[in-house]
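This briefing addresses two local regions of a single structure. The points below are grouped by topic.

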Amino acid sequence: MKTTRARSITQEDVAREVGVSRTLVSFAFRGAPGVSDETKQAIFDAAKLLGYRHNAVAADLARKQPATVGLFLLDLSNEVYVDVFSGVREAISPMKKRLILSVSHSRGSIDEGSLSSLIEVRVGVIIAATLLEPDSQVQELSRTVPLISVTRRVEGVDSVYSNNVAGARAAVEHLLRLGHTRIAHVTGPIHQGHEDRRLTYEEVMHKAGLVPQVVYAQDYTQEAARQAADQLFGALDRPTAVFAHNDEMALGVREIAFVHGLEVPRDLSLVGYDDSRIAKLHGIDLTSVDLHALELGRTAGITALERLAKPDFPVIDRKLEPRLVVRSSTAAPAS
């Protein structure tokens with residue numbers, strides 16, 4: 001017996017059911033003016049009855065101004081990116097824009113596939129937090145689709161970021177004021193555009209007449225930092241303080257310090273970066289640099305809306321100033 005494939009329900013079918021034009025049906029689904037509430041409800045009821053599914057991507061292609069924003073997050077397990085997501089959603093939701101989320105499949109590594117998925121569904125603009133690709137690749141990508149780089153400044157590309165130089169300087173100078181001279185820095189792999197914290201640490205240490213000690217982990221996670229920092233605590237001249245690239249890495253350093261019998265802050269002062277929720281937990285109480293992740297997300301969302309409205313507008317560059325939040329994980333070195 002031969003079977004036939006069911007025909008897809010179209011806007012023409014919905015219009016015929018309600019007794020209106022297909023254009024009016026299109027207006028109703030796009031939220032365009034000129035459709036009464038009563039007619040709009042009738043159209044939606046008919047669509048549900050017939051099993052019509054609105055193709056939002058096709059609708060975006062048909063309109064002059066796309067209604068979809070793509071959001072790329074490097075690592076959803078890091079609470080900073082959760083805050084960025086919340087900020088973006090808060091900014092664009094009142095404007096009735098759809099948000100499509102894509103998350104990197106590998107923590108702390110380059111993932112072009114996740115970005116490509118957003119391009120394939122024809123989003124109007126991509127908010128990317130955080131890109132690890134070289135500047136040239138980010139610039140090339142921005143010529144394919146409007147792009148907002150978040151947490152990192154890229155020349156010639158819309159960028160919303162925190163002042164990492166000021167943040168890192170505040171962290172290291174805080175440890176110097178407490179009297180520490182053996183200060184180490186634990187960070188991840190070298191990526192263009194993500195070296196400000198390390199370079200500033202080295203600069204401040206050299207200016208103070210001290211020798212920097214940088215430890216590179218395989219990625220920016222807690223476990224990677226735990227493994228990499230193990231080498232720090234075996235020698236007699238071990239550091240008395242560590243400045244970590246982010247809060248997750250600071251926790252990794254804290255764990256391995258305890259394995260070596262060290263207590264924070266009695267034996268080791270510890271500073272993180274991001275001021276995420278974990279930094280504020282009782283028992284952790286981590287001194288950290290607040291980069292205002294939620295505000296970064298809000299600002300990125302606003303910037304994306306501006307770029308959608310004015311595609312030819314000059315490059316947008318917005319820098320937020322961080323704040324050092326001092327808690328009980330730092331103290332003067334033991335005598």
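Leu-50 counts as partly exposed because its relative accessibility of 28% lies between the limits for buried, under 20%, and exposed, over 50%. The model under discussion is predicted. A second region, strand β5, is largely enclosed by the rest of the structure, since five of its five residues are buried.

**Leu-50 and its surroundings**

- Leu-50 belongs to helix α3, which spans residues 37-50.
- Leaving aside residues up to four places away in sequence, Leu-50 is in contact with Ile-9, Asp-13, Val-14 and Glu-17.
- One of these contacts, Val-14, is separated from Leu-50 by 36 residues in sequence, while their C-alpha atoms are 7.4 Å apart in space.

**Burial of strand β5**

- Strand β5 comprises residues 158-162, and five of the five are buried.
- The burial applies to both faces of β5.
- On one side, Asp-158, Val-160 and Ser-162 are buried; on the other side, Ser-159 and Tyr-161 are buried.

**Pairing of strand β5**

- Strand β4 (residues 147-150) runs parallel to β5, and three bridges join the two strands.
- Within the β4 pairing, Ser-149 has Ser-159 of β5 as its bridge partner.
- Strand β11 (residues 317-320) also pairs with β5 in the parallel sense, over four bridges.
- In the β11 pairing, Tyr-161 stands opposite Lys-319.
- Ser-159 and Tyr-161, the residues named in these two pairings, lie on one side of β5 and are both buried.

Technical notes
Residues numbered from 1 in each chain as written. Predicted model: local features only at pLDDT ≥ 70, side-chain atom pairs only at ≥ 80, totals over all residues. Heavy atoms only, no water. Buried < 20%, exposed > 50% of the residue type's maximum accessible area, 1.4 Å probe, protein only. Contact = heavy atoms within 4.5 Å. Pairing = 2+ DSSP bridges.
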